[in-house]
Amino acid sequence: MPIQNSPYHAFVTLLTSSGHSVSPAELHGHLLGRSCSGAGFDADGWLVEAAELLAGEPQDNVRNALIGLQEMVKGELTSDDMTVVLLLPTDDAPLAERAAALGQWCQGFLAGFGLNYRENALSDEANEVLRDLGAIAQVQDALEESDDGESDYMEVMEYLRVAPLLLFTETKKPAEAVAAKPSLH
């Protein structure tokens with residue numbers, strides 16, 4: 001039985017009790033995707049996109065949770081720790097449930113990134129990461145309850161903890177390069 005006080009379960013409860021059927025994993029993936037695309041950490045922009053995912057304006061408690069989630073993501077992406085915590089079911093949930101949430105997270109990430117990325121060129125490595133996320137989004141039913149399935153799931157999770165950092169670092173480089181150029185005035 002899944003841990004009832006996990007952040008994922010708390011978000012499921014909050015969203016369900018507020019009448020929203022979107023997955024917390026998809027919401028978190030979307031938020032990380034938009035943040036890694038160069039959209040920044042403007043709460044208003046995030047709340048507009050979240051309202052679309054939620055199919056309506058969030059109540060105050062959901063709105064506050066979404067802002068808190070954004071603050072967490074901002075802290076993770078801008079800290080020196082280089083650690084991203086994924087909002088997914090705990091390890092004691094059935095593998096099928098965790099794999100489905102992983103797929104939803106990847107779908108959300110790709111949607112958030114795609115809606116907000118405005119530059120044309122990404123490095124080959126960044127494009128490969130986006131292709132990998134697309135492939136992972138499709139793997140939901142491929143993992144079986146076994147030691148190999150658990151191992152594969154853990155490998156994918158570790159990859160997803162660093163993939164957003166690579167994209168975030170790459171998309172903020174152009175802005176930093178422009179800011180670092182001296183003025184000719």
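A nonpolar core is a set of buried Ala, Val, Leu, Ile, Met, Phe, Trp, Tyr and Cys residues joined through side-chain atoms within 4.5 Å. In this predicted model, the largest such core holds 45 residues. Leu 27, Leu 66, Leu 88, Trp 105 and Phe 109 touch the most other members. Seven elements each give two or more residues to this core: α1 (7-17), α2 (24-39), α3 (43-54), α4 (60-78), α5, α6 (124-137) and α7.

The fold around this core is helical. The protein chain contains seven helices and zero strands. Along the sequence the pattern reads α-α-α-α-α-α-α. The chain has 185 residues, and 42% of them count as buried. Contacts between residues at least 6 apart in sequence were also examined. Of these, 74% join residues at least 24 apart. The accessible surface amounts to about 9,900 Å². Carbon and sulfur atoms account for 53% of that surface.

Aromatic residues were considered next. The structure holds four aromatic pairs. One of them joins Phe 109 and Phe 113. Their rings are stacked, at 6.2 Å centre to centre and with 10 degrees between the planes. Both residues belong to helix α5 (residues 95-116). They are four residues apart there, about one turn of the helix. Phe 109 has a relative accessible area of 0% and is buried. Phe 113 is buried as well, at 5% relative accessibility. Phe 113 also forms a stacked pair with Tyr 117. Here the centres are 5.1 Å apart and the planes differ by 15 degrees. Tyr 117 is buried, as is Phe 113. Ring pairs link Trp 105, Phe 109, Phe 113 and Tyr 117 into a cluster. Two members of this cluster, Trp 105 and Phe 109, are among the core residues that touch the most other members.

The contacts of Phe 109 reach several parts of the chain. Neighbours within four places in sequence are left aside here. Phe 109 then contacts Gly 29, His 30, Leu 32, Gly 33 and Cys 36, among others. Its further partners include Leu 130, Leu 133, Pro 164 and Leu 167.

Two other buried positions were followed in the same way. Ser 35 is found in helix α2. Its relative accessibility is 1%, so Ser 35 counts as buried. Beyond residues up to four places away in sequence, Ser 35 touches Gly 40, Phe 41, Val 73, Leu 77 and Phe 168. Leu 165 lies in helix α7 (residues 147-180). At 6% relative accessibility, Leu 165 is likewise buried. With residues up to four places away again not counted, Leu 165 touches Glu 76, Leu 77, Met 82, Thr 83 and Val 84. Leu 77 therefore appears in the contact lists of both Ser 35 and Leu 165, contact being heavy atoms within 4.5 Å. Leu 165 and Thr 83 are 82 residues apart in sequence. Their C-alpha atoms are 8.1 Å apart in space.

Charged side chains were then examined. The count comes to three salt bridges. In one, the side chains of Glu 49 and Arg 34 meet at 3.1 Å, N to O. This pair links distant parts of the chain, with Glu 49 in helix α3 and Arg 34 in helix α2, 15 residues apart. Glu 49 has 12% relative accessibility and counts as buried. Arg 34 is also buried, at 4%.

Glu 150 forms a salt bridge with Arg 98. The closest N and O atoms are 2.4 Å apart. This pair too links distant parts of the chain: Glu 150 is in helix α7 and Arg 98 is in helix α5, 52 residues apart. Burial sets the two partners apart. Glu 150 is partly exposed, with 25% relative accessibility, whereas Arg 98 is buried, with a relative accessible area of 1%. Arg 98 has an aromatic partner too, lying over the face of Tyr 153 at 4.9 Å from the ring centre.

A further salt bridge joins the side chains of Arg 161 and Glu 158, at 3.0 Å, N to O. The two residues are three residues apart in helix α7, so about one helical turn separates them. Arg 161 is partly exposed, with a relative accessible area of 29%. Glu 158 is also partly exposed, at 44% relative accessibility.

Note on methods: Residues numbered from 1 in each chain as written. Predicted model: local features only at pLDDT ≥ 70, side-chain atom pairs only at ≥ 80, totals over all residues. Heavy atoms only, no water. Buried < 20%, exposed > 50% of the residue type's maximum accessible area, 1.4 Å probe, protein only. Areas by Shrake-Rupley, 256 points an atom, 1.4 Å probe, with all protein chains shown as cover. Phe/Tyr/Trp six-rings, centres within 6.5 Å; stacked < 30°, edge-to-face > 60°. Lys NZ or Arg CZ within 6 Å of the ring centre and 35° of its normal. Salt bridge = Lys/Arg side-chain N within 4 Å of Asp/Glu carboxyl O.
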